[in-house]
Amino acid sequence: MSKQKILIVGAGISGLSTAWMIDKSKYDITIMAAKFSPDITSNRAAAFWFPYHIRNDHRGIRWCNESYEAYKAFSHNKDTGVSMQVLTKGLRKGIEDGEKNWVDFLPEGISKMLSPQDTSPEYDIVYEVTVPLIETQLFLPWMMHQLKALGVAFLQEKIDSLSTYTNSYDIVFNCSALGSRMLCNDDTIIPVRGQVGLLSPHQASASFYLDNETPLYIVPRQDAIIIGGTYEENITTDNTEPDTIHRLLENAYMVFPALRKLEVIGSWAGLRPVRPTVRVEREHGTNIIHNYGHGGSGFTLSFGTAKEAVSLI
Ligand SMILES: Cc1cc2nc3c(=O)[nH]c(=O)nc-3n(C[C@H](O)[C@H](O)[C@H](O)COP(=O)(O)OP(=O)(O)OC[C@H]3O[C@@H](n4cnc5c(N)ncnc54)[C@H](O)[C@@H]3O)c2cc1C
């Protein structure tokens, strides 16, 4: 019997993780995208596993947990660029933390609260959380390479309509993120720009850190220390602004003064595909399955949302 044909529109983490979760012995898969790594938002993520702006959605708990386990498994293979790292998550005094329920989204046993004598006085609470760090510059090419080896085809094309492909493919997955504004007429999905500064890589100058202020995050990777970040709604250009990058760096220098000695090697920005809720559903009466709108948590949710999307085939 010949295999059924599946088209996945989008080659970011949502599209790649969807392809990963499909049984390749049963389906022929093509990934079609206007752009591929490194020219997509998914490359601009730091990226670490952390539930961010998803906590109003109880489905997120399952998605986060399933993705956590997937990345933990990848971390056993150094080639993936995924590693398990201890993140210090500080909640600064005097700042309302609208994110109190983040602990509910963590797998059991991965976080511990530090005692006040082990933390600086400007913090209310400090946690240490062991989470996956996904070095996007390594992980995305690795995924593409693995998928190609498993027979997945990659085509570069910008499409105007999903329905063009619903006759020639048995199933069409829509993993086009902000592309869904046009492809689905969905104006609930908006771009939210994140800018980051890059310092030369030097593991001893800082550790992996996140606070609740801006938020400020510091992510030591092999290619750079990433200092983030901004959350700028409805900005449609992915450029960086020197004043903003300067401010982000100054915030980081206050937490880890040794960073000031490092060279600033660049900056970048990406547009998060933010939607009130992530859309994972089969469009009624069609063979289109949507998997988009992951906002600032695309990596954190990816393998969980992909598993759910694939279950709708
Ligand atoms: C600065 C920054 C830091 C971040 N840090 C983190 C983090 O630490 N952890 C985390 O979990 N998340 C993080 N994120 C969020 C994460 O990057 C996104 O949620 C994720 O990349 C979304 O992936 P995606 O595959 O849905 O979209 P994208 O990566 O945008 O991919 C969309 C794909 O669809 C294709 N496409 C769109 N329209 C069309 C069309 N008409 N025809 C054909 N193809 C089309 C594109 O070419 C592309 O291939 C961060 C984001 C930014 C900007």
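The exercises below work through a predicted model, each with a stepwise solution. Residues are numbered from 1 along each chain as its sequence is written. In this predicted model, local features need pLDDT of at least 70 and side-chain atom pairs count only at pLDDT 80 or more, while totals for chains, interfaces and linings use all residues.

**Exercise 1. The overall fold**

Determine how many helices and strands the chain has, and how its radius of gyration stands against the globule rule.

Step 1. Count the elements. Helices (H or I, at least four residues) and strands (E, at least two) are DSSP runs, numbered from the N terminus. The chain holds seven helices and 14 strands.

Step 2. Compare the radius of gyration, taken over C-alpha atoms, with the globule rule, 2.2 Å times the number of residues to the power 0.38. The chain has a value of 20 Å, close to the 20 Å that the rule gives for 313 residues, so it is as compact as a globular protein of that length.

Step 3. Add the dimensions. The C-alpha trace spans about 65 × 40 × 35 Å along its principal axes.

Step 4. Check the contacts. Two residues are in contact if their C-beta atoms, placed from the backbone, lie within 7 Å. Of the contacts with a separation of 6 or more, 74% come from residues 24 or more positions apart.

**Exercise 2. The ligand shell**

Find which residues are closest to the ligand and which elements give two or more residues to its shell.

Step 1. Collect the shell. A residue is near a molecule if its C-beta atom, placed from the backbone, lies within 6 Å of it. The ligand is surrounded by 40 residues, and Gly12, Gly179, Gly194, Gly270 and Gly298 are the closest.

Step 2. Assign elements. Two or more shell residues come from each of α1 (13-21), α2 (41-44), β8 (190-199), β13 (264-282), β14 (288-294) and α7 (298-310).

Step 3. Sort by type. Ala, Val, Leu, Ile, Met, Phe, Trp, Tyr, Cys and Pro count as nonpolar, Asp, Glu, Lys and Arg as charged, and the others, Gly among them, as polar. The shell then splits into 18 nonpolar, 18 polar and four charged residues.

**Exercise 3. Strand partners of β8 and β14**

Identify which strands pair with β8 and β14, and in what sense.

Step 1. Set the criterion. Two strands pair if DSSP finds at least two bridges between them.

Step 2. Take β8. With β13 it forms 10 bridges, antiparallel; here Gln195 stands opposite Ala269. Four antiparallel bridges link β8 to β11 (residues 225-228), where Leu198 faces Ile226. Two more antiparallel bridges reach β12 (residues 232-233) from β8, and Val192 is opposite Glu233.

Step 3. Take β14. Strand β7 (residues 171-174) runs parallel to β14 over three bridges, with Val172 partnered by Ile288. β13 pairs with β14 in the antiparallel sense over five bridges; Arg282 is partnered by Ile289.

Step 4. Look at the β13-β14 hairpin. Five residues lie between the strands, and Gly285 takes a positive phi near 75°.

**Exercise 4. Burial and the core**

Work out how many residues of α1, β8 and β14 are buried, and which members of the largest nonpolar core touch the most others.

Step 1. Fix the cut-offs. With C-beta atoms placed from the backbone, a residue is buried if 20 or more other C-beta atoms lie within 10 Å of its own, exposed if 12 or fewer, and partly exposed in between. By that count, 43% of the chain's 313 residues are buried.

Step 2. Apply them. In α1, eight of nine residues are buried, among them Trp20. In β14, seven of seven are buried. In β8, nine of the 10 residues are buried, so this strand is largely enclosed by the rest of the structure.

Step 3. Trace the core. A nonpolar core is a set of buried Ala, Val, Leu, Ile, Met, Phe, Trp, Tyr and Cys residues joined through C-beta atoms within 7 Å. The largest has 83 residues, and Ile8, Val9, Ala19, Phe48, Phe173 and Val219 touch the most other members.

Step 4. Inspect Phe173. Leaving out residues up to four places away in sequence, Phe173 touches Ile6, Ile8, Val9, Thr18, Ile289, Asn291 and Ala309.

**Exercise 5. Backbone details in loops**

Which peptide bonds at Pro38 and Gly229 are cis, and are Ala177 and Asn234 buried or exposed?

Step 1. The bond joining Ser37 and Pro38 is cis, with omega about 15°. Pro38 sits in the loop between β2 (27-33) and α2.

Step 2. The bond from Gly228 to Gly229 is cis too, with omega near -15°. Gly229 lies in the loop between β11 and β12.

Step 3. Ala177 has a positive phi, near 50°. It counts as buried, with 28 C-beta neighbours inside 10 Å.

Step 4. Asn234 also has a positive phi, near 60°. It counts as exposed, with 10 C-beta neighbours inside 10 Å.
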